[in-house]
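Biologist: I am new to this structure and would love a guided tour. Could you pick a single part, look at it closely with me, and then go on to its surroundings and the rest?

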Amino acid sequence: MDKLPDELLDKICFFMGSSELWAMVRVSSSMRRLAMLPYLSHFGISKANIESGTISLSDSFFLILVVAQIRPIQKLICFEDVEQRSQLKYRRLASILSTAAPIPNILIYNRQYMVHQTRREALYLLSRIPSVASNALLIVSPYRWVFSRPRSAPPIRWKLLPPPFGSQNTSAPVKVLIVMFGIPLLFAYLVSAVVNTFVVLNWIYHRLVGSGWSPEDRIREDVGVLVFDKWMCIQNVPGKLTLVTLTDHNNPTCVIKRTPGLDEGLYSSILAALDLSSHLLTLNVAPDVSLVYTELMAFIQRHRTLNALFLGHNSIQPSSFTPLPVDSSSRITMLRAPALYIPHLLPAAPNIHRIWISHMSASAPARALFSNSFDIASYRMALEAIVALPGTHPLMLFLVLRPAATALPWSRLPDLEARDAALVPETRLSRVQELVLHPDGSGLFRLADIRALVPWLGLFPSLQRLTFNYGAIEKMLAAQRAELEEAICSVCSGIPGPQNIAFNLRDEGRL
């Protein structure tokens, strides 16, 4: 048979079953070379899959070890097209992954009806991956970020602790009872001390002599259960970190936030590795994350289905801003960010429909000394960027402001007669047809603030509707309200009547 040409042997292998091909693979190195690809093709693995390093399996997980001997696997996809899977399959996969060569990217699919059955098995599978045992672990889900580092022993769990006398949560009657029953309380402390002495000794024994804390117990302690109804992605990130991404079919959101214990230098690696593909619709960057601008833009570019972007204060390093070309194919239609960020984010969202500009103090020292200061320069630059947006579709502008005289944009208007149009970009916001005003949570708009607002509203050339967030205004009388409505309609030609002005006072119900 060795004398037959390879072309004829390939043709023969084409008609053979998987068991016969596996027998040929085990004969000799030459037979293995001829029969291996036909054998793998019975399981949906082609030569192109092997060369790309991407393998998809729903069963027969021993093939992971077979393929890894040909070429290292870069991405493993499991259960992508399988509607039903057993807990035994998770166990088999976990057993193979515990002995296989490290795989940088593992994608485990799930189904909504399997969520409760796979919680324990997914935890077991994750704990069996060698990199999880040796690396720090970061769990990213739509609801939370959880950081877990390797430790040799679990935390000490104190037992039978009596209530402390000086606790702020202890009421006065309880303190009186503590004084009245001092002797029983002293006895309780003595019992607690004896019990916890054994707890500490047991902890020391397990740390020094015992078998150590298993990765499964550590993950269960730090993370709890693993819930995902779409897929779970396990990636090795530079910096000895294993990144686990959990997705929720009903919540296509990603929240990037500061996490206790996580080194700030790892955020760049996490952002580069994090890939939610077409599942991501909303990105929320929490305050004080301090991301690099170009890295955030690269993340947005990878997620073409993103349609809402929300950024908190200090979520981007201002020193990292750099000019970027306009992304005309962007699907982002909602943007909320501090005024300083708006000119740098609009190139990534030229098709925007709703823009939130949040209050921003002039500087960190100003925030510390004068919490009501307002960065008027950044505010005007944000409006200029909106003026320069391409397109003709109407825009909704949301302003999140601090209700204080020094933090309201209409309090910074130049003299009406000596006004320089270059300093008043509101006069060129011809696409803004609806304006919504929100307080930032530190107070309510006063009647004097609303009266001072009227001349500023007249600057918007196409304004057709004015809305205040529910409960944003202090109480006003009906006559005062009618007076304000008349004044606003007189300066805004696009607002035909009071029906286009929503004060949303608390005493008139939620609108």
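Modeller: With pleasure: we start at one sheet and its helices, then move on to a second sheet and a helix trio.

First, how to read the values. This is a predicted model, in which local features need pLDDT of at least 70 and side-chain atom pairs count only at pLDDT 80 or more, while totals for chains, interfaces and linings use all residues. Residues are numbered from 1 along each chain as its sequence is written, and side-chain values use heavy atoms, with hydrogens and water left out.

Our chosen part is an open sheet of 9 strands in the order β8-β9-β10-β11-β12-β13-β14-β15-β16, with parallel pairing. Strands (E, at least two residues) and helices (H or I, at least four) are DSSP runs numbered from the N terminus, and two strands pair if DSSP finds at least two bridges between them. The edges are held by β8 (253–256) and β16 (501–502); each has a single partner strand, so one side of each lacks a neighbour in the sheet. At the β16 edge, the partner is β15 (residues 465–468), joined to β16 in the parallel sense over 2 bridges. There you can find L466 opposite I501 in β16.

Now look across this sheet. Helix α17 (residues 447–457) lies across β13 (395–401), β14 (432–439) and β15, and runs at about 150 degrees to β15. Such angles run from 0 to 180 degrees between N-to-C directions, and axes are lines fitted to C-alpha atoms, for helices over the stretch in contact.

Helix α17 has a helical neighbour too: its axis and that of α18 (residues 478–491) come within 8 Å and cross at roughly 15 degrees. That makes α17 roughly parallel to α18 (under 35 degrees counts as roughly parallel, over 145 as roughly antiparallel, 65 to 115 as roughly perpendicular and the rest as oblique). The two cross in a left-handed way, meaning that the near helix is turned anticlockwise from the far one by less than a right angle; clockwise would be right-handed. From α17, L447, I450, R451, V454 and L457 take part in the contact, and from α18, Q480, E483, L484, A487, I488 and V491; contact means heavy atoms within 4.5 Å. By class, these residues are 8 nonpolar, 1 polar and 2 charged. Here Ala, Val, Leu, Ile, Met, Phe, Trp, Tyr, Cys and Pro count as nonpolar, Asp, Glu, Lys and Arg as charged, and the others, Gly among them, as polar.

The loops of this part deserve a glance as well. The structure holds 13 aromatic pairs, where rings of Phe, Tyr and Trp (its six-membered ring) pair if their centres lie within 6.5 Å, and planes under 30 degrees apart count as stacked, over 60 as edge-to-face and the rest as tilted. One of them joins W410 and F445: the centres are 6.4 Å apart and the planes at 50 degrees, so this pair is tilted. W410 sits in the loop between β13 and β14, and F445 in the loop between β14 and α17, so the pair ties together parts 35 residues apart in sequence.

Next comes the second sheet. This open sheet has 7 strands, ordered β1-β2-β3-β6-β7-β4-β5, with mixed pairing. Its edge strands, β1 (54–57) and β5 (145–148), each pair on one side only. Inside it, β6 (residues 231–237) and β7 (residues 241–246) run antiparallel, joined by 6 bridges. Q235 stands opposite L243 in β7.

Finally, the helix trio. Helix α2 (residues 18–25) packs with α3 at about 155 degrees, their axes 8 Å apart; α2 and α3 are therefore roughly antiparallel. Helix α3 (residues 29–41) also meets α5 (residues 63–70): their axes come within 12 Å and cross at roughly 140 degrees, which makes α3 oblique to α5. There M36, Y39 and L40 in α3 meet L63, V66, V67 and I70 in α5. This contact of α3 with α5 has 7 nonpolar, no polar and no charged residues.
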